[in-house]
Amino acid sequence: MKLSKPMPNQWLFTVACVVGALALGACSSSLKAPATADVAVSQAAVENASSADGTEFAPAEMKSARDKLAASKRALAAKDYKAASDYANQAQADAKLAQAKAGSAKAQAVSATLQEDIRVLRSELDRAASQ
């Protein structure tokens, strides 16, 4: 019985498939650790924004951050590490924006209080000077 020699194109195709499969496996496992870290960092960012009263002063941004964090966790569970990382980074950005808005709103409230205190002191000084 005579064995037929494989065609050179068949070998090339087989080698390309094996290399492609190995590359895909390596990529997905190499993305797992960074994606997991991104999700953890985003979780911390959402918690920090929440504790900084982000929910009160920036509810839309907080909702967006929580939704994207949930999406990143779903993608991570589905082993879609690229999407998990992307959603996690977006959630982190939204959480940081919410935290910044909360800080700004608090600073404006303090500023308004100080301005009112200054106005009261000036009026008392004016009244005392006129007596």
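**Exercise 1. Asp53 in the loop**

Asp53 has a relative accessible area of 31%; decide whether Asp53 is buried, exposed or partly exposed, and describe its place and backbone.

Solution. The structure is a predicted model.
Step 1. Buried requires a value under 20%, and exposed a value over 50%.
Step 2. Because 31% lies in between, Asp53 is partly exposed.
Step 3. Asp53 sits in the loop between α1 and α2, the latter covering residues 54-57.
Step 4. The phi angle of Asp53 is near 65°, a positive value in a residue other than glycine.

**Exercise 2. Lys79 in another loop**

Treat Lys79 in the same way, starting from its relative accessibility of 60%.

Solution.
Step 1. The cut-off for exposed is over 50%, so Lys79, at 60%, counts as exposed.
Step 2. Lys79 belongs to the loop between α3 and α4.
Step 3. For Lys79 too, phi is near 65°, which is positive in a residue that is not glycine.

**Exercise 3. The packing of α3 and α4**

Find how helix α3 is oriented relative to α4, and state which classes of residue form their contact.

Solution.
Step 1. Helix α3 spans residues 59-77, and helix α4 spans residues 81-130.
Step 2. The two helices pack at an angle of about 160°, and their axes are 8 Å apart.
Step 3. Angles over 145 degrees count as roughly antiparallel, so α3 is roughly antiparallel to α4.
Step 4. The crossing in which α3 passes α4 is left-handed.
Step 5. Residues in the contact include Glu61, Met62, Ala65 and Lys68 of α3, and Tyr87, Ala91, Asp94 and Lys101 of α4.
Step 6. Sorted by class, the contact of α3 with α4 has 15 nonpolar, three polar and four charged residues.

**Exercise 4. Lys68 at the contact**

Lys68 is found in helix α3; give its exposure and list the residues it touches, leaving out those up to four places away in sequence.

Solution.
Step 1. Lys68 has 25% relative accessibility and therefore counts as partly exposed.
Step 2. With residues up to four places away in sequence set aside, Lys68 touches Tyr87, Gln90, Ala91 and Asp94.
Step 3. The C-alpha atoms of Lys68 and Asp86 are separated by 9.2 Å, while these residues are 18 residues apart along the chain.

**Exercise 5. Gln92 and Thr36**

Which of these terms fits Gln92, and which fits Thr36: buried, partly exposed or exposed?

Solution.
Step 1. Gln92 lies in helix α4, and its relative accessible area is 18%.
Step 2. Buried means under 20%, so Gln92 is buried.
Step 3. Not counting residues up to four places away in sequence, Gln92 touches Val41, Ser42 and Ala45.
Step 4. Thr36 is part of helix α1, residues 8-51.
Step 5. At 38% relative accessibility, Thr36 is partly exposed.
Step 6. Thr36 and Tyr81 are 45 residues apart along the chain, and their C-alpha atoms are separated by 8.1 Å.

**Exercise 6. The nonpolar cores**

How many residues make up the largest nonpolar core, and which elements give two or more residues to this core?

Solution.
Step 1. The largest nonpolar core has twelve residues, among them Val39, Val46, Met62, Leu69, Ala88 and Ala98.
Step 2. The elements giving two or more residues to this core are α1, α3 and α4.
Step 3. Ala58 is also one of the core residues; not counting residues up to four places away in sequence, Ala58 touches Ala98 and Lys101.
Step 4. Another core lies apart from the largest one and has five residues, including Ala75, Tyr81, Ala83 and Ala84.

Notes. Residues numbered from 1 in each chain as written. Predicted model: local features only at pLDDT ≥ 70, side-chain atom pairs only at ≥ 80, totals over all residues. Heavy atoms only, no water. Helix = DSSP H or I, 4+ residues; strand = E, 2+ residues; numbered from the N terminus. Buried < 20%, exposed > 50% of the residue type's maximum accessible area, 1.4 Å probe, protein only. Contact = heavy atoms within 4.5 Å. Axes fitted to C-alpha atoms, helices over the stretch in contact; angles between N-to-C directions. Parallel < 35°, antiparallel > 145°, perpendicular 65-115°, else oblique. Left-handed = near helix turned anticlockwise from the far one by under 90°. Nonpolar A, V, L, I, M, F, W, Y, C, P; charged D, E, K, R; others polar. Core = buried A, V, L, I, M, F, W, Y, C linked by side-chain atoms within 4.5 Å.
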